[in-house]
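Walk through this structure one region at a time. Keep the sequence and the 3D view side by side as you read.

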Amino acid sequence: MADRVPPPGLVPRPAAATSSVIRDALALAGRPDVLSFAGGMPASELLDTEGLRASYDHVLSHDPRAALQYSVTDGDPLLRELIAARSTLRGLETDPGELLITTGAQQALMLLATVLLRPGDTVAVEEPTYLAALQCFAYTGARVVPVPADDEGIDVDALAHVVARDRPKLVYLVPNFQNPTGRTLALERRRAVARLAETAGFWIAEDDPYGELRFRGAELPWIRNQTGARDRSVLLGSLSKIVAPGLRLGWISAPPALLRACVLAKQAMDLHSSTVDQAAAAHYLGSHDIDARLRDGRVLYRERCEAMLSELPDALPAGSSWSRPDGGMFLWVRLPEGYDTAALLPRAVDHGVSYVPGAPFFAGPPDASTLRLSFAGHAPPDTVEGMRRLGKALA
Ligand SMILES: Cc1ncc(COP(=O)(O)O)c(C=O)c1O
């Protein structure tokens, strides 16, 4: 019998950003006895199960054949209209023709990476940043350069230095209540990033799934709305945190040539996002007062954030520091030097609590003493108990 020849190997790709220790510990964190502050899930109380069921009922009873058919790549026309109107109301004049509906903002990120980046191209990111964006960029073989950031977002002078030195094609930012730090990019810095893009010629990807979850302070305008940014910036949006992540619906708002390239890439990837989900989402947005629900959501998140903030001084070792978000779902903790939050995670899970260690969110050398807590998922009594457990685990 002839020797068996193995099939060809896989294309070598950068290893998944999270270590197996973290993955194992987070898998255990799904146990019912563990209070998890790890996931980026919206509060389940905010999911409008009745409203969404009614919208699915509606589209499946009024025009089921259309809802179940193939559709156009750009997205459901009514959904694009409603999202464009919402963006316009929030201060960014948007035409439905500027929008592509995507399968979550995550797909929008992968589309952007696909159409903009070749191996060796440079992407600049604020440090730390959304870890699944780092994964998208890594897939293309791009070089990711971290830029320092503080409580007001990316350090614009440091960005100017990176831009002059590394000539990034793309600068990736999460301007509002960033994942993982919860911080918000200051208005003056938004203007400065736009000015820099204009003079240095790079793309800005402004990823904003959390912008409508502000529970403190005044809303800030998007970078895409700043002078000079319109033809070199892309705004990514999502229904995940304002309606439901299971819909898997997001969008890109981009200049025409870049949008066309994304449409072609999406066509090759999945033809279009689910017809029935888009139709139900459009019906839902058009027939329900989602602003009233968002108002309730912001009250809930503020209460949960404050419950967590008030427990942290007792729970965390002396010398720890943490962010004070104005919205969104996350806060970021730095323990004193010498703590290693990845190594401590199994111990935390043994104590019945979990978080995400900070290391995977870094594009450069990680700060092992950092961690991300999501305050969105638990009512104050569980948060109090969770932070008590965290305190014991870290003691
Ligand atoms: C900054 C950021 N961008 C994009 C996403 C992906 O969102 P979606 O559910 O729309 O794919 C997330 C999800 O947590 C996120 O935090």
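Asn176 sits in the loop that runs between β7 (170–173) and α8 (187–200). The model is predicted, and the position can be followed in it. Is Asn176 buried or exposed? Its relative accessibility is 4%. Buried means under 20%, so Asn176 counts as buried. Leave aside residues up to four places away in sequence, and Asn176 touches Arg183, Thr184, Arg190, Asp208, Tyr210, Gly211 and Trp222.

Asn176 also leads to a cavity. It lines the second largest cavity, together with Arg90, Phe177, Asp208, Gly211, Arg214, Glu219 and Leu220. Two of these lining residues, Asp208 and Gly211, are also among the contacts of Asn176. The volume of this cavity is about 40 Å³. Its lining divides into 4 charged, 2 polar and 2 nonpolar residues.

How many cavities of 30 Å³ or more does the count give? It comes to 2. The largest has a volume of about 200 Å³. Its lining takes in 21 residues. Nearest its centre lie Ser87, Arg90, Glu212, Trp222 and Trp251. Arg90 appears in this lining and in that of the second largest cavity. Trp222 is one of the residues nearest the centre of the largest cavity, and Trp222 also touches Asn176.

Which elements build the wall of the largest cavity? At least two lining residues each come from α4 (77–89), β9 (233–238) and β10 (250–253). β9 gives the largest share, with 4 residues. By class, the lining holds 11 nonpolar, 6 polar and 4 charged residues.

Turn next to helix α5, residues 104–116. It has 13 residues. From first C-alpha to last it reaches 19 Å, close to the 18 Å expected at 1.5 Å a residue. Many of its positions can be checked for burial. In α5, the buried residues are Gly104, Ala105, Gln107, Ala108, Leu109, Leu111, Leu112, Ala113 and Leu116.

Last comes a sheet. Strands of a sheet pair through backbone hydrogen bonds, either parallel or antiparallel. Here 4 strands form an open sheet with antiparallel pairing, in the order β11-β12-β15-β14. β11 (321–322) and β14 (356–357) stand at the edges. Each has a single partner strand, so one side of each is left without a neighbour in the sheet. β14 pairs with β15 (residues 370–374) over 2 bridges, in the antiparallel sense. Within this pairing, Val356 stands opposite Arg372 in β15.

Conventions: Residues are numbered from 1 along each chain as its sequence is written. This is a predicted model: local features need pLDDT of at least 70, side-chain atom pairs count only at pLDDT 80 or more; totals for chains, interfaces and linings use all residues. Side-chain values use heavy atoms; hydrogens and water are left out. The expected span of a helix is 1.5 Å times one less than its number of residues. Buried means under 20% relative accessible area, exposed over 50%, partly exposed in between (1.4 Å probe, protein chains only). On a 1 Å grid over the protein atoms alone, a cavity is a set of points where a 1.4 Å probe fits but cannot get out, and a pocket is an open set with protein on both sides within 12 Å along at least five of seven lines; lining residues have an atom within 4 Å of a point. Grid points are joined across faces, edges and corners, and a volume is the space filled by probe spheres set on the points. Ala, Val, Leu, Ile, Met, Phe, Trp, Tyr, Cys and Pro count as nonpolar, Asp, Glu, Lys and Arg as charged, and the others, Gly among them, as polar. Contact means heavy atoms within 4.5 Å. Two strands pair if DSSP finds at least two bridges between them.
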